[in-house]
Amino acid sequence: MSKKVSAELPEQMPSNFVPRRQGFDGVKTLYYETVFQDPAYLEVFTYTDRMSYRPGETVRFHTSTTAERFDISIVRDGIRPQKLAHLEGISGKSVGLRDRFYERGCDWPESQTWRVPDDAPAGFYIATSVASKGDVHREQEHGFFVLPRKDRRKEILLVAATGTWRAYNDWGGHSHYVGDNLIDYWQFAPKVTLHRPWARGFIWLPPGAPRRATKQPTAIGSPPRYLQDEFAFSRGFSKFCGSAGWASYERPFLCWAEAQGLEVDVISQADMIADPDLLTAYKCVVFVGHDEYWTWEMREAIEQYIESGGNVARFAGNFHFQIRLEDDGTTQVCYKDRVSEKDPLAGTKDERRVATDWSDPRIGWPGEQTFGLSSEYGCFAGVGGNAARGSGGFTIYDPNHWAFEGLYLGYGDVIGSEAQIFGYEVDGLDYEMIDGIPRPSARMKTPEGLKILAMGLASNLEQAYGRKGESLKWGDETTEVALRRYGVATEAARAAAARGSGMIVAFQKGRGSVFHAGSCEWVAGLQQHDPATCHVTRNVLDRFTRS
Ligand SMILES: [Fe+2]
């Protein structure tokens, strides 16, 4: 029998870190979490067979641990977490990683099952694996599942950006951003499995963990700091835990909404296509945070929802990649800039489904057509050397719009700068200024009637001056962006590609409405009780849930 455990995590977590490769400085050094299988070292990792269950269905846990016995606690998360089960004394087994586990799945044995009670409330559930060995006690690994259930008249549905979480999850050293199997610096795995653990920090972070965007602008003359990276490395969290995940993005929204007295259900992105009726049961569908990866079918589902009268509030940024889901949704596919050479759909009659940027002409469905903004005309702000000394907020161009009612704003005011809500990746448009008002340029395929309400500046080029101690996050992205935006990478095109924007827009489509504040960090304003961010969010949700 294992001992009783606290629900709180210790701040200093154990590390199963493997240094992967030395970059040119500390920030670029990559490391990842994985199984060591050292009997002297306590480790426990668990994943579930699916992301989403219904009442009466069975959650299957798969675990590798060096502990003889371990526990799994199941908690419905929110402002008042609610424990539903504590499964004690589960037999542990240490299992290795098979070849290409990151795309084929770990294939660990089933360690435990849990039948979802018939009366379990809808929501987001955190499953924490807890192990002890001698005097060492660890709550080491957090997984999750969602329980979509339209059991009473809630009006707001939060769709978790699970495609982006999967893309960034670097557990075992592979993601859509890193991987050992290719040849250049930004190696990546085009296929990633659901059947592996979530890296530490994606589902849970300690209170006060720094956010990805720097709250205080970098001082003039100083090189950029990377507080989130420094925190992650020193405390044993994933290098990417501030980039995506429940803990950084969706959870702050849910907790803010619940504190406001709003009731919010949570589903995964895949639930939008598994059960399209789920969307239509709600008056308002919300997306928050870093929301970069969508399938074709997900876009179709949300557009249909809007056309038929649904309202979408997107407080999120970086709408960028088409993905495909294979193997019953357990494998996520994205070939990015390798699409022409690697994607089997390239050059076929199905090439609209190639897994790459939405701006790719083969797809023929630019990102701005769905939510009114495109990451192609963003993207970086408030991080590294990208727009590092921006205001951190949105400059207001339409102070009389209903979203700002009650704030008594004027043209040129800035909202959200204290909380740095503008960053770290933002969605914008190519635009022209007419009489001091930005409007989408003829290049953009925005929905008719779209209005730009507010804006800030973003950058795709970190200004480097070669000073001692200077380090870059992304460096120069202008060639890639120029090719995607303009089809050429001439000097002039690259200079233009360095410049981007992030915007707040609103428009009607069919019988529905869309409000889109195109910034990953909008939730920082909710988390930090920034008055303007909270007020605008409330205005939008109130209007979109009105009968
Ligand atoms: Fe991103």
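Here is a walk through this structure, a predicted model, starting at its metal site and working outwards.

Let's begin with the iron ion. Its protein donors are Tyr168 (OH), His290 (NE2), Glu292 (OE), Asn318 (OD1) and Glu425 (OE), and they lie 2.1 to 2.5 Å from the metal. If you trace these donors along the chain, you get the spacing Y-x121-H-x1-E-x25-N-x106-E. Take two of them: His290 sits in strand β13, while Asn318 sits in the loop between β15 (311-317) and β16, so the pair ties together parts that are 28 residues apart in sequence. Both His290 and Asn318 are buried.

Now look at Asp291, which belongs to the loop between β13 (284-290) and β14 (293-295). Is Asp291 buried or exposed? Its relative accessibility is 2%, so it counts as buried. The side chain of Asp291 makes a polar contact with that of Trp294, at 3.0 Å. Setting aside residues up to four places away in sequence, Asp291 also touches a stretch of others, including Ala161, Gln269, Arg314 and the iron donor Asn318.

Strand β14 brings us to a sheet. This one is open, has 4 strands with mixed pairing, and runs in the order β11-β17-β16-β14. Its edges are β11 (191-193) and β14, each of which pairs on one side only. On average, neighbouring strands here are turned by 35° against each other, direction ignored. Helix α7 (residues 296-307) packs on this sheet, where it touches β14 and β16, and its direction makes about 80° with that of β14. Within the sheet, strands β16 (residues 321-326) and β17 (residues 331-333) run antiparallel and are joined by 3 bridges. One residue to find there is Arg324, whose bridge partner in β17 is Val333.

From here you can hop to Glu103, in helix α1 (residues 101-104). Leaving aside neighbours within four places in sequence, Glu103 is in contact with Lys191, Val192, Thr193 and Thr331. Glu103 is buried, since its relative accessible area is 18% and the cut-off for buried is under 20%. Its side chain makes a polar contact of 2.3 Å with the side chain of Arg100. Ser175 is 72 residues away from Glu103 along the chain, yet their C-alpha atoms are separated by 9.4 Å.

Another sheet is worth a visit. It is open too, with 3 antiparallel strands in the order β3-β4-β7. The edge strands are β3 (44-48) and β7 (110-115), each pairing on one side only. Neighbouring strands in this sheet are turned by 25° against each other on average, direction ignored. Strand β4 (residues 58-65) is joined to β7 by 5 bridges, and the partner of Arg60 in β7 is Thr113.

Finally, let's look at the nonpolar interior. In soluble globular proteins, nonpolar side chains tend to be buried together. Here the largest nonpolar core has 93 residues, and those touching the most other members are Trp165, Phe253, Val286, Phe315, Phe515 and Leu541. Which helix gives the most to this core? That is α4 (residues 246-259), with 7 residues. Val286 makes a good place to stop: beyond its neighbours within four places in sequence, its contacts include Ile156, Leu158, Phe253, Phe315 and Leu541. A second, separate core has 41 residues, among them Trp294, Trp365, Leu373 and Met455. Trp294 is the residue whose side chain makes the polar contact with Asp291.

How values were computed. Residues are numbered from 1 along each chain as its sequence is written. This is a predicted model: local features need pLDDT of at least 70, side-chain atom pairs count only at pLDDT 80 or more; totals for chains, interfaces and linings use all residues. Side-chain values use heavy atoms; hydrogens and water are left out. Helices (H or I, at least four residues) and strands (E, at least two) are DSSP runs, numbered from the N terminus. Buried means under 20% relative accessible area, exposed over 50%, partly exposed in between (1.4 Å probe, protein chains only). Contact means heavy atoms within 4.5 Å. A polar contact is a pair of N or O atoms within 3.5 Å; within protein, one must be able to donate a hydrogen and the other to accept it, and residues adjacent in sequence count only if both atoms are side-chain atoms. Two strands pair if DSSP finds at least two bridges between them. Axes are lines fitted to C-alpha atoms, for helices over the stretch in contact, and angles run from 0 to 180 degrees between N-to-C directions. Donors are N, O and S atoms within 2.8 Å of the metal (3.2 Å for Na, K and Ca); water is not among the atoms, so sites may look incomplete. A nonpolar core is a set of buried Ala, Val, Leu, Ile, Met, Phe, Trp, Tyr and Cys residues joined through side-chain atoms within 4.5 Å.
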